[in-house]
Amino acid sequence: ITLYVGPPNSGKTHAAFERLAQALDGAYLAPLRLLALEGRDRLVARGVPCSLLTGEENVPADDARVVSSTIEMVNTTRVLDVAVIDEAQMLFDVSRGWAWTQAIVGVPARELIVICSDHAVPAIERLLAVCGERCSVRRFERKQHVQLLSRPVPLAALERGDAVVAFSRRDVLMLRDQIAAAGHAVSVIYGALPPEVRRREAERFAGGESDILVATDAIGMGLNLPIRRVLFSTLEKFDGEADRPLEASEVHQIAGRAGRFGMHEEGFAGVLDTAEPEAARELRTLMARLAVEPPGFKAPVAPNPWHVQTISSRMSSQSLREVLGVFVDRLRLDDSHFQVAELDQMLLLAEQLDASAMRLPLQARFRYAQAPVDTRTDTQLQEFLGWANAHAITGQAGRPWFLDEVDGHSRLDRMEMALRACTLWLWLDLRFAGVYGHVEEVLALRAVLNDGIERQLGGKRPLAQMRRGMRRAR
C-alpha cells in the first residue's frame with residue numbers, strides 16, 4: 001500500500017495512472033463520474049482497454065484489463081493486481097466519506113495506491129493499522145508554487161486564462177453575463193451541469209475557444225485546465241444549511257488549479273474587487289494555513305445488505321426505517337476508530353418507502369433508499385416515490401414524465417431538472433432489471449438536453465463577438 005501525497009498539480013495522479021497502465025488488471029476509483037470518464041479516456045489513450053462503471057451506467061470494453069468507476073461502485077469481492085483510490089481526503093466528507101472507508105478497507109488488490117492530500121495521511125494510516133496493514137508514503141512536490149496577487153482584481157481587468165470562482169449557480173451565471181458583456185468569451189462549470197457539458201465547457205477553455213472560466217469549486221477536483229490566475233468572487237459558500245467561511249483545505253484545493261505545469265510558467269491566486277472587503281486578507285491567511293484533519297475524526301461507515309438482513313432477522317422486522325434506526329442508534333462499533341456515517345437522507349427515504357412501497361422486499365427498498373434523489377426538490381422526491389410504488393404494485397415503473405415534457409429548447413432550469421431525473425432513472429434501471437427500461441430514449445434525451453444546456457450557456461455572446469458578427473453582416 002502506497003500513499004501518493006501532494007498538492008494539486010504535483011503529478012501524483014499522473015504517476016498513479018502510469019502504474020495502473022502497467023497492471024495485469026486493476027481499478028481506478030474516482031470521486032466523480034466526470035473523473036471516472038476522464039480516467040477511462042486516460043487509460044484508453046495509453047492503449048489499455050478499460051470499462052466504465054458509474055452509478056448510472058455500465059459500459060464494458062472488449063478485453064478490458066481495468067475498470068474506471070466511481071468510488072461507490074467499488075467491487076470488494078474481485079481480487080485485482082492494482083487499485084487506485086483517488087482524492088482520499090474525501091474520507092472527511094460528512095455525506096460520502098463512508099465510500100472511501102469502504103474502499104480503503106475493502107478493495108482486494110495486491111497493490112493499492114491511495115492518492116490524497118497531506119492532511120489526510122494520519123487518518124488513512126490509522127485506518128490501515130486497524131486492518132493490520134502498513135503503508136509507505138511517496139511525496140510529490142509542485143513544479144511551481146501559487147503566488148498571491150497583491151491587490152483585488154476588477155472585472156474589467158480580467159485576462160485570458162483567468163478562472164473566476166463563485167459558489168452558487170446563480171452567481172456563476174450572473175458573473176458569466178457580466179464578463180461576456182465586457183467582450184470576453186466565457187466557459188461555465190457548476191455542479192448542476194451534467195458531466196458531459198462540464199467536460200465540453202472545460203475543453204472550450206482548454207482549447208482557447210473561451211478566454212475566461214467561471215466556475216464553482218467543481219474545478220477543485222481533478223480537472224486539468226490551463227488556468228493562470230484563480231480569482232475568488234467570495235470566500236464564503238452555502239453548505240446546505242447556511243453560509244460559512246471556506247476552510248483552508250478548500251482554498252488550497254481550488255487555488256492549486258492555477259499555474260498548471262507545462263501550460264503556464266507561474267500561477268496566481270487572488271480575489272475580485274467585488275468580494276467582501278476583508279477577502280484579500282482572509283485569502284492570505286488561509287493560504288498560509290496548513291489544512292488539518294477535522295478534530296476527533298473517526299472513519300465513517302454505512303450499512304450494507306448484510307447488515308440490513310442480519311438486523312432484520314434478529315428483530316423479526318421488515319420495516320427498513322426501523323432496521324436502519326438500529327444501525328444508526330444501537331449498533332456497537334469500534335468507536336475509537338469508526339462512527340456511523342450521516343444517513344439522514346437514507347432514513348428519510350426508508351420511512352417514505354415503508355409507507356408507499358411496502359410490498360417490495362426489504363433489500364429492494366434498501367437499494368431504493370440509496371438512490372441519488374434530490375430530496376430538497378419535492379417534485380423529484382414525489383416522482384421517485386411514485387416510480388417505487390408503481391414497481392411495488394405492477395412490477396413496472398411506467399413511462400417517465402421527462403420523455404414527453406422537456407426538450408432541448410426548454411428553460412435552462414427545466415433542462416437541468418430533467419437531466420437530474422434522467423440520472424436517477426438510469427441509476428434505478430441499472431439496479432432493477434426489467435422494471436424501468438426506456439433506456440435508449442432516456443439516453444437520447446440526455447444528449448439533446450446536454451446540447452440544449454450548452455447552447456444556452458453560450459447564449460450570452462460577448463460584445464466583441466457580436467460586433468464582429470455585425471461587421472460581417474454589413
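This report describes the fold of one protein chain, then some of its residues and contacts.

**Basis**

The model is predicted: local features need pLDDT of at least 70, side-chain atom pairs count only at pLDDT 80 or more, and totals for chains, interfaces and linings use all residues. Residues are numbered from 1 along each chain as its sequence is written, and side-chain values use heavy atoms, with hydrogens and water left out.

**The whole chain**

The protein chain has 17 helices and 18 strands. Helices (H or I, at least four residues) and strands (E, at least two) are DSSP runs, numbered from the N terminus. The radius of gyration is 23 Å, close to the 23 Å that the globule rule gives for 474 residues, so the chain is as compact as a globular protein of that length. That radius is taken over C-alpha atoms, and the globule rule is 2.2 Å times the number of residues to the power 0.38. Along the principal axes, the C-alpha atoms fill a box of roughly 75 × 55 × 50 Å.

Of the 474 residues, 51% count as buried. Buried means under 20% relative accessible area, exposed means over 50%, and partly exposed lies in between (1.4 Å probe, protein chains only). The accessible surface of the chain comes to about 21800 Å², and 50% of it belongs to carbon and sulfur atoms. These areas come from the Shrake-Rupley method with a 1.4 Å probe; for residues, only the protein chains shown count as cover.

Contact means heavy atoms within 4.5 Å. Among contacts with a separation of 6 or more, 74% join residues 24 or more positions apart.

**Aromatic pairs**

A pair of aromatic rings is described by the distance of the centres and the angle of the planes. Rings of Phe, Tyr and Trp (its six-membered ring) pair if their centres lie within 6.5 Å; planes under 30 degrees apart count as stacked, over 60 as edge-to-face and the rest as tilted. The structure holds eleven such pairs. One of them is tyrosine 4 with phenylalanine 140, a tilted pair with 5.3 Å centre to centre and 45° between the planes. Tyrosine 4 lies in strand 1 (residues 2-5) and phenylalanine 140 in the loop between strand 8 (136-139) and strand 9 (146-148), so the pair ties together parts that are 136 residues apart in sequence. Tyrosine 4 is buried, at 6% relative accessible area. Phenylalanine 140 is buried too, at 10%.

Tryptophan 387 and tyrosine 436 form an edge-to-face pair, 6.4 Å centre to centre with 85° between the planes. This pair links distant parts of the chain, 49 residues apart: tryptophan 387 is in helix 13 (residues 378-394), and tyrosine 436 is in the loop between helix 15 (412-431) and helix 16 (439-457). Both residues are buried. They belong to one aromatic cluster, formed by Tyr368, Phe384, Trp387, Trp401, Phe402, Trp425, Phe432 and Tyr436.

**Two helices**

Seven of the ten residues of helix 1 (residues 12-21) are buried, so this helix is largely enclosed by the rest of the structure. The seven are Lys12, Thr13, Ala15, Ala16, Phe17, Leu20 and Ala21.

In helix 3 (residues 97-106), the buried residues are Gly97, Ala99, Trp100, Thr101, Ala103 and Ile104. They pack against several elements, including strand 2 (26-30), strand 6 (80-85), strand 7 (109-116) and helix 4 (121-130).

**Single residues**

Four residues are set side by side here.

| Residue | Place | Relative accessible area |
|---|---|---|
| Glutamate 111 | strand 7 | 22%, partly exposed |
| Isoleucine 254 | helix 7 (residues 248-255) | 3%, buried |
| Serine 316 | loop between helix 9 (305-315) and helix 10 (320-329) | 69%, exposed |
| Histidine 438 | loop between helix 15 and helix 16 | 30%, partly exposed |

Not counting residues up to four places away in sequence, glutamate 111 touches Arg19, Asp81, Val82 and Ala83. With the neighbours within four places left aside, isoleucine 254 is in contact with Val165, Phe167, Asp217, Gly220, Val230 and Phe232. Isoleucine 254 and valine 230 are 24 residues apart in sequence and 7.7 Å apart in space, C-alpha to C-alpha.

Most residues other than glycine have a negative phi. Serine 316 has a positive phi, near 55°. Histidine 438 also has a positive phi, of about 55°, although it is not a glycine.
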